Amino acid sequence: MKTYTYTEKKDTRSGFGAGLAELGRTNPNVVALCADLIGSLKMDEFIKENPERFFQIGIAEANMMGIAAGLTIGGKIPFTGTFANFSTGRVYDQIRQSIAYSGKNVKICASHAGLTLGEDGATHQILEDIGLMKMLPGMVVINPCDYNQTKAATIAIADYDGPVYLRFGRPSVPIFTPADQKFEIGKAIKFTEGTDVTIVATGHLVWEALEASKALHEAGISAEVINIHTIKPLDDKAILDSVAKTGCIVTAEEHNHLGGLGESVARVLAQHRPTPQEFVATNDTFGESGTPAQLMDKYGLNSEAIQNAVKKVLKRK
Amino acid sequence: MPNIKELTDLTTQVRRDIIRMVHKVNSGHPGGSLGCAEFFVSLYQELMETKDGFDMDGIGEDLFFLSNGHISPVYYSVLARSGYFPVEELNTFRLINTRLQGHPTTHEGLPGIRIASGSLGQGMSVAIGAAQAKKLNNDDHLVYSLHGDGELQEGQNWEAIMYASAKKVDNLISTVDLNQQQIDGSTDDVLPMGSLRAKFEAFGWTVLDIEKGNDIEAVIKGMKEAKSLTGKGKPVCVLLHTVMGNGIDFMMHTHAWHGKAPNDEQLANGLAQNPETLGDY
């Protein structure tokens with residue numbers, strides 16, 4: 001079995017910052033907007049190098065989304081930066097009308113998604129954002145898994161013409177994907193080959209899925225781990241090809257089971273190949289204060305939870 | 001000098017278009033549309049510098065954004081009669097498969113439209129973004145926007161109003177259609193907003209009143225003055241005093257025709273008050 005290791009941990013938001021800085025150097029149409037969270041979004045380098053292409057909006061996210069839509073008229077490629085909660089729920093109608101329905105080329109870049117925001121608690125820990133954004137017609141939804149993938153995704157979405165929601169996080173997590181990767185929107189990545197169960201994971205749960213697959217291997221269970229970084233458009237084929245072989249699937253995400261990756265996968269399976277599925281996700285709940293590790297443990301979003309879900313789904317084959 | 005007779009004739013024809021469009025589908029918003037007929041005619045015929053044809057980016061031309069999208073009938077009529085799309089297409093307003101949706105949209109590819117509007121309070125932010133893109137592009141053309149007065153009750157406007165002056169967006173002229181009416185009654189009954197002049201000035205804008213917002217000469221004169229105030233470090237607000245339902249006596253000075261279509265008899269009455277000038281579509 002192919003195994004993955006890491007030598008360094010970094011936050012995915014820094015991958016966004018590095019990608020944005022590179023875009024600042026290579027694409028003169030890229031502009032950045034922020035609602036008073038420059039440091040949290042790691043936008044400093046872009047701003048330092050391109051002060052004329054940066055717009056500090058202040059604490060006014062609705063205005064930021066509208067201004068971003070307006071900037072596209074004139075050929076700019078705006079990247080907005082704030083927390084995931086304030087990038088989605090707070091400004092849903094602005095995104096819906098001025099960006100999605102209007103077909104504007106805005107990149108909504110959202111940090112501190114999910115429980116791993118930690119101590120700030122439920123007001124800031126959005127677990128509904130993937131659902132909100134994937135329901136908007138034409139919106140691409142991406143949730144990369146580590147620093148390198150987030151950097152690559154940030155760079156890649158500048159070349160895609162249309163609205164994109166890019167979701168990333170705050171905690172330091174293992175870097176296990178290559179620095180020189182080419183990011184393909186909508187293309188799943190198979191990390192391990194397996195025959196007993198498919199594990200489909202997104203964001204911070206991808207590393208946990210790889211950890212789970214190691215433990216499962218030792219227990220004699222062969223797991224195929226697939227990284228779905230693009231939740232919409234979903235790589236249906238990668239999922240269907242894998243379950244054709246394994247016959248069961250576990251989905252894993254730092255999000256509510258309602259509206260998340262798991263539901264998107266379930267729709268594909270229900271239509272094309274009904275398959276036993278278990279969901280590693282939060283269960284229709286808000287988060288709370290705590291360290292990221294404590295929260296992921298309490299809400300069942302880690303390697304152990306994935307292993308348990310695999311054991312459960314295997315019995316349903 | 002503008003030919004006032006021609007512009008007045010066009011305005012009369014636009015009023016006919018508005019009530020005919022709304023009557024045909026028994027839906028739409030005639031009141032605010034009629035109140036802004038002179039403004040739209042002035043904007044597209046006299047004030048804006050526009051290129052032939054239409055492209056989304058609009059580099060090298062003035063841009064207009066309608067924030068209160070429900071007054072789409074006047075917008076569509078003036079766009080069509082300014083050459084953006086065939087006048088006959090006004091026949092399709094609000095019908096299935098039309099480019100002339102109930103509220104304006106880019107989604108169906110109608111030339112002249114650069115943003116969807118209808119959910120209120122979003123247009124000023126968009127206009128600011130477009131104005132800032134013009135500055136980045138070293139494009140010295142202007143961005144115009146129109147907002148309902150009741151629409152200013154939406155909080156996003158005040159985020160935008162605060163931002164535009166702070167960031168010296170001085171290539172923007174935002175006009176408020178001050179007809180003092182909204183769906184549930186007069187703005188003073190629903191939610192009094194006090195002095196909009198004082199509010200915009202307190203937020204750092206240059207403010208100009210056009211008292212006779214349904215007098216085409218006054219509108220052109222006022223908007224030209226507004227234009228002369230751009231480029232001086234501040235965004236410009238025009239308070240356009242209009243009469244809702246203007247030009248059709250039974251629709252005037254009331255919120256009753258905000259979103260209501262005339263019946264056959266009322267249509268005939270309204271058309272009789274506005275004899276055909278340039279030809280119906």
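**Exercise 1.** In which sense do strand β3 (residues 172–178) and β7 of chain B pair, and over how many bridges?

*Solution.* The model under study is predicted.
Step 1. The pairing of β3(B) with β7(B) is parallel and comprises 6 bridges.
Step 2. Within this pairing, B:Leu178 has B:His241 of β7(B) as its bridge partner.

**Exercise 2.** Identify the pairing of β7(B) with strand β6 (residues 206–210) of chain B, and trace the connection between these strands.

*Solution.*
Step 1. Strands β6(B) and β7(B) also run in the parallel sense, with 5 bridges between them.
Step 2. One of the bridge partners in β7(B) is B:Cys237, which is matched with B:Val207.
Step 3. From β6(B) the chain passes through helix α9 (residues 216–228) of chain B before reaching β7(B), and this β-α-β crossover is right-handed.

**Exercise 3.** Determine why β7(B) is described as largely enclosed by the rest of the structure.

*Solution.*
Step 1. A residue counts as buried under 20% relative accessible area.
Step 2. Of the 6 residues in β7(B) (residues 236–241), 5 are buried, and therefore the strand is largely enclosed by the rest of the structure.

**Exercise 4.** How many disulfides does the structure hold over all chains? Examine A:Cys34 and B:Cys36 as cases.

*Solution.*
Step 1. The total over all chains is 0 disulfides.
Step 2. A disulfide requires sulfur atoms within 2.5 Å. The closest cysteine sulfur to that of A:Cys34 belongs to A:Cys109 and lies 11 Å away, so the separation is too far for a bond.
Step 3. B:Cys36 is likewise in no disulfide, the nearest cysteine sulfur being that of B:Cys237 at 14 Å.
Step 4. As to accessibility, A:Cys34 is buried at a relative accessible area of 0%, and B:Cys36 is buried at 0% relative accessibility.

Notes:
Residues are numbered from 1 along each chain as its sequence is written. Chains are lettered from A and ligands numbered from 1 in the order in which they are written. This is a predicted model: local features need pLDDT of at least 70, side-chain atom pairs count only at pLDDT 80 or more; totals for chains, interfaces and linings use all residues. Side-chain values use heavy atoms; hydrogens and water are left out. Buried means under 20% relative accessible area, exposed over 50%, partly exposed in between (1.4 Å probe, protein chains only). Helices (H or I, at least four residues) and strands (E, at least two) are DSSP runs, numbered from the N terminus. Two strands pair if DSSP finds at least two bridges between them. A crossover is right-handed if, with the strands pointing away from the viewer, the path from the first strand over the helix to the second runs clockwise.
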